[in-house]
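Let us walk through this model together, one set of side-chain interactions after another. Have the structure open as you read.

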Amino acid sequence: AVNFTDCFIDFRNHANQTLDASGLVDANGGNIANTSRGILQAVGFTYDACLSRCGPGTQKPTWANTSQQFSAWLLPYLALISHLPFGARHRVDNLMSAILTVGSPVLAGYSMILTILNARWISRRFENVSFPNAKHAVRILISLQQTPLKITNEDSLLSSLIVLPENDNWWPTIADLLDYTLTWSIASAASIAWVTVAYLLTVVGSLSDVNGNFNSNGQGAVSVWLWLIPIVIGWLQLSPKCDYVRIKRAMDNADAMAFVATHHGVMKASDLSEKRAISIDSTSEHPSSPDENSTPPVYNYARAIPWSRSAEDVFDAFRMASNNSRMHRPVRIGDIWKNGGGRNVIEPSNRSGNPSEVNAYCRLPRYAAPRYGIRSPWASGIFFRMFMASLLPLALQWATTGAAVLVVYYTPAVGLGCRSLGYIIYGALATMVWAMLVTSSIISHYTYSYSGRTSWSPFFSITMRLAKVLSNLLRWGGNFLAIVNAVWVVTASMLQFADVYQNCYCNSSVLGRGVQNAYNIIVIDHLDLGLTAAAWWGALALACSTSLGFVFSMSLLTDFVPT
């Protein structure tokens, strides 16, 4: 262990005795005159002088300082992770969802914003649909964004579910069963308040005493974690339906109420087969990506594209049924439309028919969700929504990361050093994780959409296989980088608190200034730290304003989501 203060004083005293100021610098890294007065006013030494005099070792940390900074700066955020939404079937999926959130905040924010944008999109598509149960269908589709939603019209299941009057109880029942909220509680509100107050108190304390132990000050470490507050608040506002057990129970309870049209009359769907028009069971049909099965909402990045395609299939069927009813066309061919008791009331007799007739009424083929053919694998506007969903999370990620970099970059010696590089690595890896996993979801959905095609050319077949391999590699690589990045951001904070960065190399900002121009500031008692204080205030303003802007934008967006 090295005591850099004692080491520098010994070096300066020796220089004063010999009147040789070589290696000594002033506050700006400038050379010192070879006079006793100039030498005694030196506040630091060059990197070469530091290394030759003090060695490459680190300063001995004090447990009191390390534990105090850990409990004040980092511990509240680690506790706040428990208030993220989970609900997966397996605990390892819940653990991985927390790791993904910490390893890539931009991915968590992207999944959140895309969930809201998809909900607003499908609700607006249904605005002009005037067919029984259309409003309930919107609620159901929005509630099932955290599940591997599957749609099929095999045996006329979907068309029967939409058209037949016998299914009028199914839609409101399942909509009500799925209409539960897991939002603000005393525990979550207290945790957020605790983290916010702790952040403000510690930041104000550090800004009031910039000179005090600034090289291990935790303001940079806490800034890089500030994204967690708006992410937790956003999920609490959105209240995603991610409890798999509860959702599965609701779907199972409603299955007994579903009817289907057959050539022998209307029958219960459960009497024909185990298939359902709308299901979340992925055992019979594997999803395009394994991440679709994990219900924690951070995995919505993987479900957003197939969910949008399935939701639009349901909308198209409702829209065709609505258009036919507006033209007063009954389902059964040859029948005459019977007017109901009101303008928007459709007589049940107008909605009865055999399988071919209910399929034609919704303009559905035998299978409502073919994987190939003229139907596009992409829902309308999905890529625009994905682009819009990326903007706010990227701004939040790099505003908080940038604030952390500002704090340590403008701490003497000014320049890129070990601390600032650590935060840049965290932000860069978080962005890479998001890019890899989103790209994987796009490729995976594309290959899945064409997986049922039998007339492939050899070239197309090889291309699809390579694309599937690429999708898996991106997904595995993204998850691995998320784990590494989550461990790294905690480790980087602890390294700073434990004074591991207190060595000649890191304190001299060699990475940014180069070996020849690097220097280490030791004496800060009478140092003018106006630039450092200004940078710290700027970092505080950047991180807080972006976080507040994210929360405000979430409040505006969720206000348009139907309940």
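A good place to start is D179, which is partly exposed, with a relative accessible area of 41%; here buried means under 20% relative accessible area, exposed over 50%, and partly exposed in between, using a 1.4 Å probe and protein chains only. The side chain of D179 meets that of R139 in a salt bridge, 3.4 Å from N to O. A salt bridge is a side-chain nitrogen of Lys or Arg within 4 Å of a carboxyl oxygen of Asp or Glu. R139 itself counts as buried, at 19% relative accessibility. Because R139 lies in helix α7 and D179 in the loop between α9 (170-177) and α10, the pair ties together parts that are 40 residues apart in sequence. Helices (H or I, at least four residues) and strands (E, at least two) are DSSP runs, numbered from the N terminus.

Before going further, a word on what you are looking at. This is a predicted model, where local features need pLDDT of at least 70 and side-chain atom pairs count only at pLDDT 80 or more, while totals for chains, interfaces and linings use all residues. Residues are numbered from 1 along each chain as its sequence is written, and side-chain values use heavy atoms, with hydrogens and water left out. As for pLDDT, it is the predictor's confidence in each residue, from 0 to 100. Its mean over the protein chain is 86, and 92% of the residues reach 70 or more. Among the elements, helix α6 (residues 105-125) has the highest mean pLDDT, 95, and helix α10 (residues 186-208) the lowest, 77. Over residues 367-373 pLDDT stays under 50, and for this stretch the model has 23 contacts beyond four places in sequence, where contact means heavy atoms within 4.5 Å.

Back to the salt bridges: the structure holds 12 of them. One joins the side chains of K275 and E154, at 3.8 Å from N to O. K275 sits in the loop between α14 (269-272) and β6 (278-279), and E154 in the loop between β3 (150-151) and α8 (157-163), so this link between distant parts of the chain spans 121 residues. K275 counts as partly exposed, at 37% relative accessibility. Another salt bridge brings D316 and R309 together at 4.0 Å, N to O. Here R309 is buried, with a relative accessible area of 7%, whereas D316 is partly exposed at 24%. Which residues do shared partners join into one network? Salt bridges that share partners connect R125, R309, E312, D313, D316 and R319.

Now for the rings. A pair of aromatic rings is described by the distance of the centres and the angle of the planes. Rings of Phe, Tyr and Trp (its six-membered ring) pair if their centres lie within 6.5 Å; planes under 30 degrees apart count as stacked, over 60 as edge-to-face and the rest as tilted. By this rule the count comes to 15 aromatic pairs. W121 and W307 make an edge-to-face pair, 6.5 Å centre to centre with 65 degrees between the planes. This pair links distant parts of the chain, with W121 in helix α6 and W307 in helix α15 (residues 300-326), 186 residues apart. Both W121 and W307 are buried.

F126 and F315 also pair edge-to-face, at 5.4 Å centre to centre and 70 degrees between the planes. Since F126 lies in the loop between α6 and α7 (134-143) and F315 in helix α15, the pair ties together parts that are 189 residues apart in sequence. F126 is buried, as is F315. Ring pairs link these two with W170, W171 and F318 into a cluster.

Charges meet rings as well. The charged end of R385 sits over the ring of W121, 4.1 Å from its centre, and R89 lies over the face of Y244, at 4.4 Å from the ring centre. The rule asks for NZ of Lys or CZ of Arg within 6 Å of the ring centre and within 35 degrees of the ring normal.

Finally, look at N359 in helix α16 (residues 355-362). At 12% relative accessibility, N359 counts as buried. Its side chain makes polar contacts with the side chains of N153, at 3.0 Å, and S156, at 3.1 Å. A polar contact is a pair of N or O atoms within 3.5 Å; within protein, one must be able to donate a hydrogen and the other to accept it, and residues adjacent in sequence count only if both atoms are side-chain atoms.
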